[in-house]
Structure formats: structure tokens, C-alpha cells
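User: Could you take a close look at the part of this model that surrounds the ligand, and then set it in the context of the whole chain?

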Amino acid sequence: DQTWPSSIDELEDIMFLTAGYRKRTFTDSVIPCEKSPNTAGRINAAEWIRTAFHDMATADTYNGIGGLDASLQFEIGRSENVGPAFETTFIFLQAFLSVRSSISDLLALSMYTAVRACGGPIVPIRTGRIDATESGATGVPVPENPTQTFVAQFARMGFNTSEMIELTACGHTIGGVHAAQFPLIVPVGTAKNEYALFDDATQAQSKFDHGVARDYVLGNTTNPMVVGIAKANGRDSDGRVFGVDKNVTIKALANPVVFHDRCKVVLQQMIDVVPPTVKLTEPIQPYEIKPVNPQLTLVAPGTTLSFTGEIRVRTTVRAADKISSVKLVYKNRDGEAGGSITTTSVGAASGFDDSFTFYKFAASIDSTKSISSFTVEVAVADGTTETHDNNGKGYPVEDSVILQSPQSCLEIFTDTDNNRVLTIVAAKRTAVTGTPAVDLASLKARTGGLVVPMLTHSSLPMTAGKSYGPYTFYSVTTKIGSTLSLRATFDVTLGTAKDVFKRTSNLPDGCVPFGSDTSTSMAPPTTTQQSSTTVSPPTSTSTTTPPQSSGWASLGCYTDSTSSRTLPVIASPAGGSAALTNALCQSTCKSLGYVLAGTEYSGECYCGNYISSTGKPATSGCDMACHGDAAQKCGGSDRLSLFGFGGAKAAVAPVPQSKKTVEGGYKYQGCYVDSRDARVLSGAELADDALTLKKCAFFCKDAGFKVFGVEYGRECWCGAALGAATKVGEEQCNQACGGDATEACGQGDRLSVYVK
Ligand code: HEM
């Protein structure tokens with residue numbers, strides 16, 4: 001298993017999370033294999049494979065120049081690169097461009113994805129390719145070249161003659177030739193959709209298989225680059241390439257097993273042609289355990305850190321329903337044992353071969369003792385516990401410098417120059433020397449018809465502010481061009497210490513000063529009710545409940561169950577279960593941003609802003625002593641001692657609602673069916689855990705789209721127009737937006753659509 005974190009982390013997600021929770025949509029365009037961009041007579045998967053080949057094909061391995069380096073994006077106008085396929089492939093890929101995923105690595109991954117989608121071999125994917133910043137040499141093979149030119153061109157790329165035959169056959173197993181671009185190979189008006197496939201004249205099904213070699217060897221091929229007018233026109237390049245060694249290699253490839261195995265080898269060879277200065281990583285493997293967005297945040301007044309995130313567990317080998325618990329066991333910053341953190345399952349995802357389940361955690365940690373690393377304990381049903389220690393190193397948590405997300409923000413509104421204000425606030429341990437800086441990686445649209453934006457780095461020095469507990473705050477404010485501002489990422493650095501790969505899209509759109517209570521704004525400001533509760537406590541539990549930490553009031557005893565939690569977040573207070581008191585649970589929930597807290601079964605602490613509809617007031621059962629103070633009651637078996645902060649009541653969450661209009665001039669159209677096979681909106685896309693309607697509206701508006709849609713709580717899609725889509729009942733778009741529980745953001749495969 002790879003050691004986490006690593007440079008592959010973003011690509012690993014894109015590669016393996018193709019459906020379900022936290023899915024990336026990379027495979028959507030090539031499943032099924034026949035899928036066309038928008039018109040009949042094109043096949044996405046074939047175009048992706050051809051694009052990777054054309055990008056690599058100008059490599060000069062004798063002199064260590066070129067290779068898979070995305071220089072093709074600057075070479076699209078050349079006659080050796082005719083057809084619309086290259087541009088549409090780059091438009092697709094650029095949506096995944098980041099500082100951790102270069103276009104050339106994405107080209108390699110797109111070739112892998114296309115081959116997999118069409119039933120081909122698993123090509124190992126290494127990463128670390130560096131994108132060219134300008135066009136490179138010419139030299140893609142074109143059909144009219146003499147046979148010996150092909151041999152010389154492939155030798156320049158690093159392929160011997162039989163590898164040339166293999167690579168060409170492996171490339172020409174899906175897709176075909178377009179009459180519009182190659183009328184001397186396919187006469188106009190002769191092929192269905194003006195598109196003659198290499199090995200399937202009926203165009204029934206595109207498959208990555210040995211058919212192209214088999215049919216050639218059997219003498220019944222319909223490959224337009226072997227038979228037909230191409231021969232008379234000197235453009236029968238497949239026929240001449242396959243025959244160059246008297247059919248020895250192509251005959252071997254007529255065997256399906258040989259075809260599969262050799263394609264795996266030569267396709268990897270193709271994407272691994274890189275200049276000697278590029279050092280490729282080991283092939284990407286799925287992590288067994290992967291921390292997802294782990295984040296430390298200092299909480300006012302500075303005595304605690306909140307630690308939140310998710311643990312992704314690969315469930316291919318250990319079925320999710322056999323996992324009884326996933327726990328983090330952490331060390332303090334001095335290396336001593338710190339405590340353990342409980343998790344709850346929040347979702348599942350899958351890929352071509354793998355499945356994963358995500359477990360959410362929310363803990364509060366003493367800021368002085370802090371945290372340095374953790375291990376993950378997965379308890380499985382047969383009673384065994386697997387301990388994952390990240391190859392002996394533990395999963396590191398950098399606490400020297402941390403992003404303070406609640407105090408940071410990307411303002412939604414643009415100034416007259418079309419810029420947005422970005423404020424980044426970090427907390428640095430005062431005792432660690434140095435001044436933090438922000439390494440901002442922003443994307444800038446290019447001019448001149450180039451579709452891939454430019455990735456630019458800027459290093460922004462931060463200015464010191466106030467100190468709180470063991471931390472000192474630093475901040476920087478900058479302007480960022482509004483277009484693509486939600487796709488920027490940044491690291492907060494302090495020498496070698498780094499809090500990395502933060503997305504601007506996950507920042508709030510307004511900065512909140514440290515210590516000001518955002519959470520109270522969620523609670524109904526009902527001072528009269530609050531005082532009446534204090535004056536005449538409603539239940540007998542209040543007599544046994546000692547005074548609460550300030551601002552908290554008892555809401556009585558509530559039912560709970562393991563299958564439907566009354567409060568959604570399981571919290572791990574500093575000091576752990578053994579130290580649990582009601583006040584400790586309350587302060588933990590408050591530090592995590594919640595206004596309801598509940599203790600249960602002597603040592604458990606739950607938080608939330610609303611209760612579930614299954615939680616009901618209970619007349620008895622909250623009678624178990626708290627582990628941390630025998631004089632207090634901390635719930636009972638399936639019973640929560642519930643408390644509210646700032647007048648918060650035990651209310652069920654309102655059903656999230658669509659809005660009639662959204663900033664930017666968008667109007668609600670309704671709830672529509674969407675699917676990965678037929679995206680209603682496919683112009684641009686943003687995945688964002690903190691999604692709001694406003695954020696999606698501005699993302700699509702900046703990108704120049706008139707339609708936006710939100711789906712699955714965290715996906716934002718843009719489009720030029722709302723085509724023929726199926727409208728369904730409002731109740732099917734009832735998932736809360738990640739960044740605002742009152743707003744509806746579609747559902748799985750359901751899109752809440754807004755048009756301006
Ligand atoms: C002698 C070498 C080669 C020549 C002369 C050649 C030429 C061509 C031509 C003329 C087309 C038709 C393109 C269109 O009409 O859109 C084509 C399609 C294609 N080529 Fe090649 N090719 C060669 C090698 C390769 C290699 C090595 C690969 C990849 C491993 C590859 C992958 C593809 C794919 C996937 C298509 C189908 C594209 C589609 O259906 O849109 N080719 N090739």
C-alpha cells in the first residue's frame with residue numbers, strides 16, 4: 001500500500017471513485033464504450049485513445065524531447081491532427097486540471113479509462129508527467145506516409161517494428177475513420193454516419209478486442225485502412241504496417257489472450273514516453289485506507305482544536321456490512337497516546353473494480369497537547385481488528401500551521417475588474433518559528449482558442465495577527481479573477497510544514513471573525529421561551545442535571561436508536577469517553593459548530609442542529625451516570641440527555657426548498673432526471689462539499705452558462721440550454737445543499753435546474 005499523503009492522491013480519487021458518494025465523473029463520458037460526444041458517428045472512448053497517441057507521437061526519444069506532455073493542446077491546428085476529437089477531449093480533461101493532476105497525467109488516465117470502459121486490459125497508470133507550455137515538434141504518422149517512414153517514426157518514439165504493429169492494432173480496435181476528414185480512405189456517402197469502423201462494419205458494438213487482427217488474418221477485414229479505396233490512394237497504412245514483418249506479429253495478435261496482454265504492455269509504454277527529466281511514480285493503486293479532507297481548526301477561545309474529516313475504507317476486500325466500527329487512535333504532538341475518535345458511515349462509492357465506504361469523524365482536541373498522527377482501526381464482524389498504520393508511519397496530522405476555514409472566505413461578488421476578494425486565515429503554533437505563506441494555484445482562461453486554462457502559482461506572504469491559546473493567527477487578502485476562482489486550490493505553508501490542497505470552493509462566501517458565534521444564528525432567537533425554560537424546568541431530569549455551561553439549556557430526555565440517530569454527528573470530545581460530562585459534550589458540539597448536544601449511555605456524545613424525525617421525548621431512561629462525573633446523568637440505553645445552545649430547540653430539520661430565484665438572475669425550472677449516461681447539463685462542473693445555490697449560480701455565470709443545476713447535495717452542473725429532459729415531482733429533489741441545509745440541491749440522479 002502507498003504511504004499517505006502522496007502526489008497521486010487527487011488522481012487516485014479521479015481514477016477509483018466513479019459512482020456514488022464523492023464520485024468524480026471522469027468515466028461518465030466513456031460508459032458505455034459507444035458513447036458519442038453529441039452526434040452519431042463519433043465515439044468518445046476512441047477519441048481519447050487517439051488523443052493520447054497523437055500527443056505522444058511527436059516524441060523524440062533519441063534526444064529526450066517530448067512524449068506524453070499535453071503539447072497537443074497547442075498543435076490542434078496542424079494537418080496531422082485533423083478532426084474535432086482533440087479539442088473536445090481537452091475540453092473534457094481541463095475540468096480535472098489541478099496542481100495535483102496535470103493534463104498529461106489526465107491524458108494517461110483517460111486512455112486507461114477509455115480502454116477499461118470498452119473491455120480492454122488494465123493499463124498501469126504512473127503519474128508525475130509535466131505539461132508542456134508550448135507546441136512541440138511535428139511528426140504524427142499520417143496514412144499516406146511510406147511504410148519505412150512509419151518504422152522510423154515509431155523508432156523515434158521508442159517502439160521497434162513489432163511494437164509498432166501491436167500499438168497500431170491496439171489503437172485501431174475501437175473507433176474508425178471519418179469520411180469528412182479522410183475522404184480518400186472512406187468515400188463520402190458510403191459509411192453509416194460517414195464513419196467506417198475498423199473492425200465492426202455493422203457498428204453494433206464497440207469493443208476493445210482482437211477483432212481487428214483476427215479479421216485481417218482471416219482475410220475478411222472491413223478495416224478501411226486495409227481494404228477499399230485507401231489502397232488505391234496509398235492510404236492503406238494499417239495494411240502496410242500489419243504486413244511489414246510478413247504478418248508475424250499481427251497473426252499472434254489474432255489470439256484474444258495475446259492481444260489483451262500485448263495491448264496492456266504497449267499502451268503503458270505509449271503513455272510512459274516522457275522526457276528523462278520526468279520521474280514517474282509507481283503505478284496508482286487504490287488505498288486501503290485514505291483520510292479524506294482531514295482538517296484541524298482552532299476553536300475560540302483557543303483551548304481546543306476541532307478535528308474533522310472522513311476515512312475512506314476500501315470495501316472490495318472487507319465487505320462494508322462486515323465492518324462493525326472504524327476508529328482513529330491518535331497521538332499527541334509529543335508522541336504520547338492521545339485518545340480515540342469514533343466514526344459513522346456516511347456513504348459508499350465504487351469504481352471499475354473497487355468499492356469504498358466513507359466514515360465521518362468530528363473530534364475536539366486539547367490545543368496544547370494537540371495531535372501529530374493517527375492509526376485507523378477497522379473492526380470486522382468476525383471479531384478481528386485490523387490496524388492500519390500507514391506503513392508504520394501513522395497518518396500524519398500537521399498542526400504547526402493550519403487553515404482557519406471559518407475565518408477565510410472567497411467573496412461571491414465581483415468588483416468592476418471582475419475580480420473576487422480571497423481572504424485566507426491560518427493559525428500557526430506560536431512556538432514554531434517562521435512566517436506562514438499561501439501557495440495559491442489558480443486557473444486562468446487562455447486566449448486564442450486554447451481550451452485548457454493556465455495553472456499559475458503565486459506565493460502570498462501572510463501577516464501576523466492576534467494570538468489565541470498556543471496559536472497565532474496570520475492572514476492574507478488577495479484578488480482573484482472571478483472566472484475559475486472556485487477552481488483554485490492553495491496550500492498554507494510554514495517551511496516544510498504544510499496544510500495542503502485546499503479548494504477555494506470549500507471556503508465560505510463571507511469571513512467570520514474568530515470567536516464570533518456563527519452557530520447561534522442557526523438557532524431561533526427566542527429569549528422569552530429560553531427564560532421560561534430556565535424558570536420552570538419541564539421535566540424531572542432538570543433536577544438531577546447540574547448547571548450547564550453558559551448558554552446551554554436542558555431539553556429533556558429523548559429516544560435514540562443505532563439505526564436512526566436522533567443527532568447525526570458522533571463527536572469525540574478531548575479526554576474521550578472516560579471523561580464525558582454534559583458540559584464536555586456541549587463544548588465539543590459548540591466547537592464543531594452545532595447548537596444541539598446529547599449525551600448517551602454514560603460516555604457517548606452526539607451533536608447536530610436538528611433532531612431526526614424518529615427522536616421523541618422520553619419519560620424515562622436518562623438515568624445513567626456520566627463517566628466523567630458520577631453526580632450527573634448522561635442519557636441511558638437508547639436515551640439522549642439533550643441540550644440546546646442559545647435557545648435552540650429540539651426541532652426536526654425543515655425540508656430543504658428550492659428557491660424561486662437565485663442571485664445572478666436565475667429562475668427555478670423544476671426537478672429533472674439526470675444520469676451519467678445522458679447528462680442534462682454538461683458545460684462545466686464543480687464538486688463542492690459546501691455547495692449553495694448561490695455558489696453554483698456564480699460558478700456557471702462566470703463560465704458563461706445560462707443554465708445551472710445542482711445534484712446530490714454537492715454537485716454543480718452548467719449548461720447552455722435545458723434540452724429535452726424529464727421533469728419529475730418536486731419531492732424528488734429534496735436533498736439539502738452541503739453548504740446550506742435549508743436549500744434543496746437535487747438528489748442522486750435528480751437535478752434542481754435554474755435558468756436565466
Ligand atoms: C501508422 C500509424 C497510424 C496511422 C497512420 C493512423 C491514422 C489514423 C487515421 C487516419 C484515423 C482516422 C481518424 C478519424 O477519421 O477521425 C485513425 C483513427 C484512430 N487511431 Fe490511428 N493511426 C495510427 C496509429 C495509431 C495508434 C498507435 C493509436 C493508439 C494506440 C491509434 C489510435 C486511433 C484511434 C483510437 C482511432 C479512432 C478514432 C475515432 O474513431 O474517432 N492510431 N488513425
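Analyst: Happy to; here is a walk through the ligand shell, followed by the rest of the chain.

Please keep in mind that this is a predicted model. There are 27 residues around the ligand, and those that come nearest are Ala-46, Phe-53, Gly-171, Gly-175 and His-178. Which elements give two or more residues to this shell? They are α2, α6 (161-171), β2 (176-178) and α9 (237-243). The largest share comes from α2, with five residues. As for chemistry, the shell holds 16 nonpolar residues, nine polar ones and two charged ones.

It helps to look at what lies on either side of α2. The loop between β1 (19-20) and α2 holds Pro-32, and the peptide bond joining Ile-31 to Pro-32 is cis, with omega about -5°. Another cis bond runs from Trp-4 to Pro-5, with omega near -5°; Pro-5 sits in the segment before α1 (9-16). These are worth a glance on your screen, because most peptide bonds are trans.

On the other side, the loop between α2 (44-56) and α3 (85-94) contains Phe-74. Is Phe-74 buried or partly exposed? With 17 other C-beta atoms within 10 Å, Phe-74 is partly exposed, because a buried residue needs 20 or more. Beyond its neighbours within four places in sequence, Phe-74 is in contact with Glu-134 and Ser-135. The C-alpha atom of Phe-74 is 18 Å from that of Pro-141, which is 67 residues away along the chain.

Now for the wider setting. The domain assignment gives domain 1 (31-271), domain 2 (289-399), domain 3 (402-506), domain 4 (522-645) and domain 5 (661-755). Between the C-alpha centres of domain 1 and domain 5 there are 36 Å. The chain as a whole has 15 helices and 37 strands. Its radius of gyration is 29 Å, close to the 27 Å that the globule rule gives for 756 residues, so the chain is as compact as a globular protein of that length. Along the principal axes, the C-alpha trace spans about 100 × 60 × 55 Å, and 50% of the residues count as buried.

Two loop residues elsewhere have an unusual backbone angle, since most residues other than glycine have a negative phi. Asn-391 has a positive phi of about 55° and lies in the loop between β11 (385-388) and β12 (395-396), where Asn-391 is exposed, with 10 other C-beta atoms within 10 Å. Ser-602 has a positive phi of about 75° in the loop between β24 (596-600) and β25 (604-608), but Ser-602 counts as buried, with 20 C-beta neighbours inside 10 Å.

Key:
Residues are numbered from 1 along each chain as its sequence is written. This is a predicted model: local features need pLDDT of at least 70, side-chain atom pairs count only at pLDDT 80 or more; totals for chains, interfaces and linings use all residues. Helices (H or I, at least four residues) and strands (E, at least two) are DSSP runs, numbered from the N terminus. The radius of gyration is taken over C-alpha atoms; the globule rule is 2.2 Å times the number of residues to the power 0.38. A residue is buried if 20 or more other C-beta atoms lie within 10 Å of its own, exposed if 12 or fewer, and partly exposed in between; C-beta atoms are placed from the backbone. Two residues are in contact if their C-beta atoms, placed from the backbone, lie within 7 Å. Domain bounds come from an automatic or database domain assignment. A residue is near a molecule or strand if its C-beta atom, placed from the backbone, lies within 6 Å of it. Ala, Val, Leu, Ile, Met, Phe, Trp, Tyr, Cys and Pro count as nonpolar, Asp, Glu, Lys and Arg as charged, and the others, Gly among them, as polar.
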